[in-house]
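Biologist: I would like to learn how to read a few features of a model. Please take them one at a time.

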Amino acid sequence: MTDAVALAANLLKEHRASIDRLDAILVYTLAERFKHTKAVGKLKAEYALPPSDPAREAHQIARLERLAEEADLDSEFAKKFLNFVISEVIRHHEKLQK
């Protein structure tokens with residue numbers, strides 16, 4: 001193995017280790033977020049509030065798009081991701097109201 005190939009292999013290993021750490025952070029962060037949205041869902045069910053809040057959802061999507069742009073992340077990807085998360089939250093809230 002040449003020095004260049006060994007260097008590339010080492011860099012690849014370092015990037016993958018960082019990706020693995022970041023994946024763990026994402027999973028634990030999502031778990032924490034869903035703990036809070038579950039509490040919100042219970043409150044909504046208890047007080048007969050609707051499971052979705054379109055105004056807040058639109059505000060959050062706009063906020064996330066701004067954050068994505070600041071972070072140099074594709075804002076369309078960020079928007080799709082948040083829409084997916086919001087749809088899961090609403091689904092959980094609907095289950096709690098049954």
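Modeller: Start with how elements are named: helices are DSSP runs of at least four residues, numbered from the N terminus. This is a predicted model. With that numbering, Ala48 falls in the loop between helix 1 and helix 2 (54–70).

Biologist: Is Ala48 buried or exposed?

Modeller: The cut-off for exposed is over 50% relative accessible area. Ala48 has 68%, so Ala48 is exposed. Its C-alpha atom is 7.9 Å from that of Gln97, although the two residues are 49 apart along the chain.

Biologist: What is the phi of Ala48?

Modeller: The general idea comes before the case. Most residues other than glycine have a negative phi. Ala48 is not a glycine, yet its phi is positive, about 55°.

Biologist: Which residue other than glycine has a positive phi near 60°?

Modeller: That is Asp72. Asp72 sits in the loop between helix 2 and helix 3. With a relative accessible area of 73%, Asp72 is exposed.

Biologist: Now the helices. At roughly what angle do the axes of helix 1 and helix 3 cross?

Modeller: Helix 1 covers residues 3–46 and helix 3 covers residues 75–96; their axes cross at roughly 40° and come within 9 Å. Angles under 35 degrees would count as roughly parallel, and 65 to 115 as roughly perpendicular. The crossing angle therefore makes helix 1 oblique to helix 3.

Biologist: Is that crossing of helix 1 and helix 3 left-handed or right-handed?

Modeller: The crossing is right-handed. On the helix 1 side the contact includes Leu30, Phe34, Thr37, Val40 and Gly41. Helix 3 contributes residues including Phe81, Val85, Glu88, His92 and Leu96.

Biologist: How many residues of this contact are nonpolar, polar and charged?

Modeller: The residues of the contact between helix 1 and helix 3 divide into 9 nonpolar, 4 polar and 5 charged.

Biologist: Last, the rings. How many aromatic pairs are there?

Modeller: Rings pair if their centres lie within 6.5 Å, and by this rule the count is 1. The pair is Phe77 with Phe81, at 6.5 Å centre to centre and 25° between the planes. Planes under 30 degrees apart count as stacked, and this pair is stacked.

Biologist: Where do Phe77 and Phe81 lie?

Modeller: Both are in helix 3, 4 residues apart, which is about one turn of the helix. Phe77 is partly exposed, with a relative accessible area of 48%. Phe81 is also partly exposed, at 36%, and Phe81 is one of the helix 3 residues in the contact with helix 1.

Note on methods:
Residues are numbered from 1 along each chain as its sequence is written. This is a predicted model: local features need pLDDT of at least 70, side-chain atom pairs count only at pLDDT 80 or more; totals for chains, interfaces and linings use all residues. Side-chain values use heavy atoms; hydrogens and water are left out. Axes are lines fitted to C-alpha atoms, for helices over the stretch in contact, and angles run from 0 to 180 degrees between N-to-C directions. Helices (H or I, at least four residues) and strands (E, at least two) are DSSP runs, numbered from the N terminus. Angles under 35 degrees count as roughly parallel, over 145 as roughly antiparallel, 65 to 115 as roughly perpendicular and the rest as oblique. A crossing is left-handed if the near helix is turned anticlockwise from the far one by less than a right angle, and right-handed if clockwise. Contact means heavy atoms within 4.5 Å. Ala, Val, Leu, Ile, Met, Phe, Trp, Tyr, Cys and Pro count as nonpolar, Asp, Glu, Lys and Arg as charged, and the others, Gly among them, as polar. Rings of Phe, Tyr and Trp (its six-membered ring) pair if their centres lie within 6.5 Å; planes under 30 degrees apart count as stacked, over 60 as edge-to-face and the rest as tilted. Buried means under 20% relative accessible area, exposed over 50%, partly exposed in between (1.4 Å probe, protein chains only).
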